[in-house]
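Subject: Structure handover

Hello,

Please find the structure below, followed by notes on what turned up in it. The notes begin with a single residue and then widen.

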Amino acid sequence: MDASSGFMIAIAAAVVLGIILFNNKQVEDELLALEDTDTNSDAAPDLIEIPTKEDIKWLKEDLKSARETQDKREEADLLNKLGRIYLQLEKHEEAIPYFQQAMDVEWEIGNRPGQCKNLASLAQVHTTLGQHEKASEYYLQQLDVTRQLH
């Protein structure tokens, strides 16, 4: 089996398992709870329409503050937002460390849905970069973490 076949199998498996698991009420509730943690009016915006250097600077300052106060949920959220902004700006290589760090923080605090979200983002980045073998590794990791939710 070549790398692209393995990649397609990994994606299909992740999609099928994701559909099955996300129909599960418990997983849905966990994901909704994760989204509810992002309703703080002082929090950074979810995504900025056309991000500027100033927007990125502001998010990085918020990230520094979250780290200083050891607010792990906020830290993971801001890391994910920075990764998504770099994706939006098509600076894929710059997005990778933010998604990786966010995934690590989500693992540390036991937030498996958040970890899955960042694994999917890492897979997306590597797919875009044409690194299908690396992308399939992240999809398979996402599959493993999704299974742990049960």
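Q100 is partly exposed, with a relative accessible area of 25%; this and everything else here comes from a predicted model. The residue belongs to helix α5. Leaving aside residues up to four places away in sequence, Q100 touches L122 and Y138. Its C-alpha atom is separated by 9.2 Å from that of S121, and the two residues are 21 apart along the chain.

The overall make-up

The protein has seven helices and zero strands, and along the sequence the pattern reads α-α-α-α-α-α-α. Of its 150 residues, 41% are buried. The exposed surface comes to about 8,500 Å², and carbon and sulfur atoms supply 52% of it. Among contacts with a separation of 6 or more, 58% are between residues 24 or more positions apart.

The nonpolar core

The largest nonpolar core has 26 residues. L79, L82, A95, F99, L122 and V125 are the members with the most contacts inside it. Helices α3 (53–68), α4, α5, α6 (112–128) and α7 (132–148) are the elements that give two or more residues to this core. L122, one of the two residues that Q100 touches, is thus also among the best-connected members of the core. Another of those members, L82, touches I56, L59, K60, L63 and Y98, again not counting residues up to four places away in sequence.

Aromatic rings

How many aromatic pairs does a search of the whole structure find? The search gives one. The partners are Y86 and Y98, which are stacked, with 5.5 Å from centre to centre and 15 degrees between the planes. Y86 lies in helix α4 and Y98 in helix α5, so the pair ties together parts that are 12 residues apart in sequence. Both Y86 and Y98 are buried. Y98 is also one of the residues touched by L82.

A further ring has a charged neighbour: R112 lies over the face of W107, at 3.9 Å from the ring centre.

Salt bridges

Searching the whole structure for salt bridges gives six. Four residues, R67, K72, E75 and E108, are linked in a network of such bridges, and the individual links are as follows.

- E75 and R67 meet through their side chains, at 3.0 Å from N to O.
- E75 also meets K72, at 3.7 Å from N to O. Both of these residues lie in helix α4 (residues 72–88), three residues apart, about one turn of the helix.
- K72 in turn forms a salt bridge with E108, where the closest N and O atoms are 3.5 Å apart. This pair links distant parts of the chain, with K72 in helix α4 and E108 in helix α5 (residues 92–109), 36 residues apart.

Which members of the network are buried, and which are exposed? E75 counts as buried because its relative accessible area is 7%, under the 20% cut-off. E108 is exposed because its value of 52% is over 50%. The other two fall in between: R67 is partly exposed at 36% relative accessibility, and K72 is partly exposed at 27%.

Two loop residues with positive phi

Most residues other than glycine have a negative phi. Two residues in this model depart from that. Q70 is not a glycine, yet has a positive phi of about 55 degrees. Its place is in the loop between α3 and α4, and at 64% relative accessibility Q70 is exposed. E90 also has a positive phi, near 60 degrees, in a residue other than glycine. E90 sits in the loop between α4 and α5 and is likewise exposed, with a relative accessibility of 64%.

Where to look

For a view of how α4 and α5 meet, the stacked pair Y86 and Y98 is one place to look; the salt bridge between K72 and E108 is another. For the core, L79, L82, A95, F99, L122 and V125 are the residues to display.

Regards

Conventions: Residues are numbered from 1 along each chain as its sequence is written. This is a predicted model: local features need pLDDT of at least 70, side-chain atom pairs count only at pLDDT 80 or more; totals for chains, interfaces and linings use all residues. Side-chain values use heavy atoms; hydrogens and water are left out. Buried means under 20% relative accessible area, exposed over 50%, partly exposed in between (1.4 Å probe, protein chains only). Helices (H or I, at least four residues) and strands (E, at least two) are DSSP runs, numbered from the N terminus. Rings of Phe, Tyr and Trp (its six-membered ring) pair if their centres lie within 6.5 Å; planes under 30 degrees apart count as stacked, over 60 as edge-to-face and the rest as tilted. A charge sits over a ring if NZ of Lys or CZ of Arg is within 6 Å of the ring centre and within 35 degrees of the ring normal. Contact means heavy atoms within 4.5 Å. Accessible areas come from the Shrake-Rupley method with a 1.4 Å probe; for residues, only the protein chains shown count as cover. A nonpolar core is a set of buried Ala, Val, Leu, Ile, Met, Phe, Trp, Tyr and Cys residues joined through side-chain atoms within 4.5 Å.
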